[in-house]
Amino acid sequence: MGNNTVTILCSGFGLGFYTPGLIINYNLKKKQVDTEVLVFENYIVKDKKEHINDSKKAYHENFSVALIAQKLPRDMKQSIDENAVEELLLGWKKEDRCNFIVLSGHWVYILDRYCEMIKPKKVNVDLLYIDSELSPSWKSLKKYNPEYSSRYHEKWIVNAEKMEACFKIPVTERSPIPFRQRRNSIVIHGGGWGMGTYQSKIPELEEQSFSLDIVAYEQSEAKDQKPGNRYFMNDPSWSAWNRNENGEYGFPPLGEIKEGEKPVFTSKEEYHRWFDVTCEAKAIVSKPGGGTMIDSLSSGTPIVFLEPFGKHEKKNAELWEQLGFGIQYDKWRESGYSMDVLERLHENIIRAKDSIPDYVCDYIKNLTARGES
């Protein structure tokens with residue numbers, strides 16, 4: 001590690017601020033860039049970290065609780081583990097770290113302290129917004145520090161104000177599967193935490209002619225499976241802020257839940273295994289999270305939008321619909337769950353995706369321009 005290392009600062013509080021960071025990390029390493037991933041939750045006090053899983057369970061069981069909670073501003077300075085942060089900053093200073101990609105607003109207070117510690121040296125920081133409008137960690141930061149971005153670079157993957165997809169984060173190098181060669185299946189999930197109204201749509205969709213690939217939050221949700229449906233689940237013992245046996249942060253191990261069989265959870269180094277299921281599907285039925293939009297663009301799979309998790313996801317859905325990459329669930333239902341509608345959306349994505357810049361390629365170009373790669 002050294003001053004050319006790109007430090008990727010993620011958060012495990014939502015997989016949308018974790019999974020894209022790991023994909024970026026893998027793609028940078030493929031291009032011979034030295035990187036390190038860090039997860040914010042390892043720099044907060046123990047009791048705060050231990051309560052995160054309680055919040056996950058509460059938000060899964062009651063979406064209205066999650067909607068209320070995400071509106072409450074949080075000053076994360078009160079949760080910082082000072083000893084862990086001080087050790088981290090001294091390590092960065094010793095190695096002369098200067099390149100950072102930040103996926104969660106919770107990290108900015110720590111970065112500000114680092115900037116003060118090393119000034120007049122400058123840092124190169126991308127504040128990478130996964131959603132098309134500021135999500136809760138960034139909104140809370142802005143409430144307490146309106147000028148938080150003044151010395152950093154703001155980069156949007158998707159931008160509601162400009163109504164455009166600014167960058168793509170390719171999950172794999174494979175070409176999307178043509179629509180008519182895909183399984184006659186619909187993917188349905190509630191994001192990384194299993195939130196939202198997705199479970200209420202399962203009976204409706206089961207009445208149609210396609211199979212469902214469902215992400216379960218708990219194994220009990222896969223009881224009494226209908227023929228043709230498949231249930232998958234992330235390993236419940238996995239945590240985003242725990243390193244794997246190789247001492248690295250990894251993607252959540254995924255397993256298929258089959259009646260009478262113990263699930264086998266496996267992961268990949270390159271990307272999240274759920275993406276392989278998404279690539280084969282005709283559509284994703286989900287709340288409009290930023291990570292789901294990355295999967296949609298990379299796989300060519302349109303999104304059928306359920307109720308959003310806050311204003312930022314509402315803006316995500318409006319943008320994706322405006323671009324012709326997705327449709328509201330009620331509109332799709334009014335069309336008679338039309339496959340022709342989904343095929344048109346798929347084709348729109350395929351036509352557009354090649355013209356959208358690759359974030360990693362753009363980042364490396366900027367590093368090269370500064371003589372750092």
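## Met117 and its surroundings

Met117 counts as partly exposed, because its relative accessibility is 24% and the buried class requires a value under 20%. This residue belongs to helix α6 of a model that is predicted. Leaving aside residues up to four places away in sequence, the contacts of Met117 are Glu86, Leu89, Leu90 and Lys93.

One of these partners is Leu89. Met117 and Leu89 are separated by 28 residues in sequence, and their C-alpha atoms lie 8.3 Å apart in space.

## The chain as a whole

The protein chain contains 14 helices and 14 strands. Of its 373 residues, 54% are buried. When contacts between residues at least 6 apart in sequence are considered, 69% of them join residues at least 24 apart.

## The seven-stranded sheet

Seven strands form an open sheet in the order β11-β10-β9-β8-β12-β13-β14, and their pairing is mixed. At the edges are β11 (254-257) and β14 (326-328), each of which pairs on one side only. From one strand to the next, the twist averages 25°.

Within this sheet, β9 (residues 211-215) and β10 (residues 230-234) run parallel and are joined by three bridges. Asp213 has Arg230 in β10 as its bridge partner. Helix α8 (residues 198-206) packs on the sheet, where it touches β8 (185-188), β9 and β12 (283-286). The direction of α8 makes about 165° with that of β9. An angle over 145 degrees counts as roughly antiparallel, so α8 is roughly antiparallel to β9.

## The crossing of α1 and α14

Helix α1 (residues 19-30) and helix α14 (residues 359-369) have axes that come within 10 Å and cross at roughly 55°. This angle makes α1 oblique to α14, because it falls outside the ranges for roughly parallel, roughly antiparallel and roughly perpendicular arrangements. The crossing of α1 past α14 is right-handed.

On the α1 side, the residues in contact are Ile24, Asn27 and Leu28. They meet Tyr359, Val360, Tyr363 and Ile364 in α14. Sorted by class, this contact has six nonpolar residues, one polar residue and no charged residues.

## Backbone exceptions in loops

Most residues other than glycine have a negative phi, and most peptide bonds are trans. Several loop positions are of interest in this respect.

Two residues other than glycine have a positive phi: Asp96, near 60°, and Tyr337, near 55°. Asp96 lies in the loop between α5 (82-95) and β3 (99-102), whereas Tyr337 is placed in the loop between α12 (329-334) and α13 (339-353). Asp96 has a relative accessibility of 28% and therefore counts as partly exposed. Tyr337, by contrast, is buried, because its relative accessible area is 11%, under the 20% limit.

The peptide bond that joins Lys119 and Pro120 is cis, with omega at about 15°. Pro120 is located in the loop between α6 (108-118) and β4 (124-129). The helix before this loop, α6, is also the helix that holds Met117.

Methods: Residues numbered from 1 in each chain as written. Predicted model: local features only at pLDDT ≥ 70, side-chain atom pairs only at ≥ 80, totals over all residues. Heavy atoms only, no water. Helix = DSSP H or I, 4+ residues; strand = E, 2+ residues; numbered from the N terminus. Buried < 20%, exposed > 50% of the residue type's maximum accessible area, 1.4 Å probe, protein only. Axes fitted to C-alpha atoms, helices over the stretch in contact; angles between N-to-C directions. Parallel < 35°, antiparallel > 145°, perpendicular 65-115°, else oblique. Left-handed = near helix turned anticlockwise from the far one by under 90°. Contact = heavy atoms within 4.5 Å. Nonpolar A, V, L, I, M, F, W, Y, C, P; charged D, E, K, R; others polar. Pairing = 2+ DSSP bridges.
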